[in-house]
Amino acid sequence: MRIVHVAKTPVAGAMEALSSAIRDYTEHDSRAINSGGKVNNLEFPHDLVFSDSGIFPALARADAIVFHQNVNHQSQPFRDFLDGDPSKKCLGFYHSHPDACDPGVAQAGFPHFCIAQYQSLLWRNAIPIRNVIRFDRDDWPKRDAERARERKGDGKLWIGYAPTFRQSQKDQTPGSSQWHHSKGYDVTMPILEKIDKDFPGLVEVMVFEGIRYDSCIKGKALCDILVDEVVTGSYHRNTLEGLALGIPTACNVSPEVHGVLVKAAGANDFPVVHATAETLDEKLRWLVGLDEKTRRRMGNGSHDWMCRHWHPRDIAREFCAHVAAAPSYGEVAAKAGA
Amino acid sequence: MASGLLRSFDNQPMPGRDGYRVPLRRFFDVQRNAAWGYLIDNCKVDGRAEGLHVLYNYVTCPEAFEGKDKGGIGLHDMGVLMERNHEDNLAWLRANGQKGYRDWNELHGKHKGETLVIASCGPSLTHELPVLYRRRKEFRLMCVNRSLRPFMDPDAKPDYYYFVERRGIPDWVNEVEWPTGAAKSPFDLKGIAMIGTPQCDPRITRLFEPDRCYWGYTELGAMGHVPECANLTKYDVKAATTIGNAPFIAWKMGFSKLILVGCDFALDCQIAQHPEDAKKQIVEPTRMYFDRDWHQSHYARDPGWVTRMMPTVGAYNRAVMSEPILTGHASYFSAVLDFAHHEGGMWCANASSRGNLAFNNMPLDAALDHQTAKEPVECASST
């Protein structure tokens, strides 16, 4: 089976991560097409871009085309490839709040996926898929606290935080796309600044923003504690990266999202340090006060959990099984026409 | 053929820009108001005098040669451009061990009884790509201009590439940067035979293998079916569109079946409500990928022309947009096919899934499955 993924944007590298995992771990071929890896000041791994001549053989030979996030099956030239060969499968994949996505594929009755985060609660008919983190790759940084300490040179404890944007949540409607997207920057930063001041010479808060994805991951690997998001009740790729790096990671996961997550992962637990906006300060002081071995043990446990429940190999196989079971474009279109 | 009324005034070889001596001979044609032009070897490697072709110093579309700041190529004289291209092409061939232009007559009759698919640059080409890729081994493939891009796969490369443009566009033969469109790296064109004229853009021709380049003139007038056309195209190789010459080439090569894809002679468009005026609608082109030169020369200079066009065929939220120039080309091209099909004996079908060309239209699978009953008329051994 040949699968082609299409999106307009890098989708935080998620599409390329899934596509490359399919290539690496299944008998299926997979390519990802978008506008490249750059968005704003960020840069993510990418495969094919719209101007590459390679998109034509990939789309012509594809058995399935998966439209991610903000592009739908009516968009040209992709529609031509489906009309020209209705035996192809057409699917959707949503990584964000419905307000920020083009729901055309879902509305037309085609099978569709969403990532197994808060989005699963909003895309009711979607199949939840775990967000692939390529911690299995050779270039994924290895967590080594002592070496990290040597590299930093200052002996300080690093707390890492990677906001997507410096947006305020105050003016956003709770539950809206923008509210989720802002990830509580205006609430989290004052807490981190307070911790920074209260532990002079001991703690350094590192904010990662506007840099290449691989540089961001390398920076996170040097941290001792990571903070994802403590406001909306959902986790993000930041949490998964922290767990995969073997770093204690603070995050607020609501009961509903927790249910989605453990079901998708086939797990009973989720090894993050649960913290809300009210308790983040307290949880960070607790983490800072722990001895190095305890923190490392926590981190090792979370890395093991990722290997058991979130390995790219398992996610790629699960995804391909769903694609293989999907009806063809022609079948769905005929049903919709009837 | 050169007219007997041509009077040469400069028969001395001119130095080529690459250090080679290039035989450019300027002349007057007393029959045509003393228009001046160049005598060009018509690919006869033995250098015989007969069969010289004439290129007049006509500037048929001067706006295309305006300064670069106006979107032109910065050369005000098409004759100079053709002269330079000829110099560069010949110099490149000689530097690569060729005696001169390899005559495309060598290809005549080479593919007797075979099927040729010509992929043109219309936006519907993507619709046919799945079938073309699936059945690629069943036919010979010829691409023109930008239609090379979708076939840059080791198992799908075209057999032939044909172009006549004196200034090509880099993305015909190069991978390009996104989103600037700047040339990034040349395509791997090994194994693809190029057919062109000595005045073709050397930036394009030089990317092909020198011994796989065939040169010559493919004027439709040689088919003899349209006397006016014969007069028009006898001396000016650019008198017809690139795709307009392609059936003649197929016929000369001896193909018994010709299938056309991407021959839209139209642009894809969609109709949207005007945001401020409820009584108005906006027609916007949606597919420019294969039509960027059209986009640049028409739409970019005059965005209003789009809204003046009438969508002729509706399909869901997509429509096909035509305009007088394209309609004229389609009409002319259908006449060419009519001759090739009925007089030349080469079975022709249009398998483009949408557009304005009407000639034996059918789905691509059906066209490929069609069994031709008769052999094409034996074509002449040389132009």
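Before I start, a word on terms: the domain bounds I will use come from an automatic or database domain assignment. What you see above is a predicted model, in which local features need pLDDT of at least 70 and side-chain atom pairs count only at pLDDT 80 or more, while totals for chains, interfaces and linings use all residues. Residues are numbered from 1 along each chain as its sequence is written, and chains are lettered from A and ligands numbered from 1 in the order in which they are written.

In chain A, the assignment gives domain 1, made of 2-135 + 313-337, and domain 2, covering 145-310, and the centres of these two domains, taken over C-alpha atoms, are 28 Å apart. Where they touch, domain 1 of chain A contributes 21 residues and domain 2 of chain A contributes 22 residues, and two residues are in contact if their C-beta atoms, placed from the backbone, lie within 7 Å.

Let me turn to strand E1 of chain A, residues 2-6; strands are DSSP runs (E, at least two residues), numbered from the N terminus. Four of its five residues are buried, so E1(A) is largely enclosed by the rest of the structure, where buried means that 20 or more other C-beta atoms, placed from the backbone, lie within 10 Å of the residue's own.

E1(A) pairs in the parallel sense with strand E2 of chain A, residues 29-34, over five bridges, and pairing requires that DSSP finds at least two bridges between the strands. Within this pair, A:Val4 has A:Arg31 as its bridge partner. E1(A) also pairs, again in the parallel sense, with strand E6 of chain A, residues 64-68, over four bridges, and there A:His5 stands opposite A:Val66.

Terms used. A residue is buried if 20 or more other C-beta atoms lie within 10 Å of its own, exposed if 12 or fewer, and partly exposed in between; C-beta atoms are placed from the backbone.
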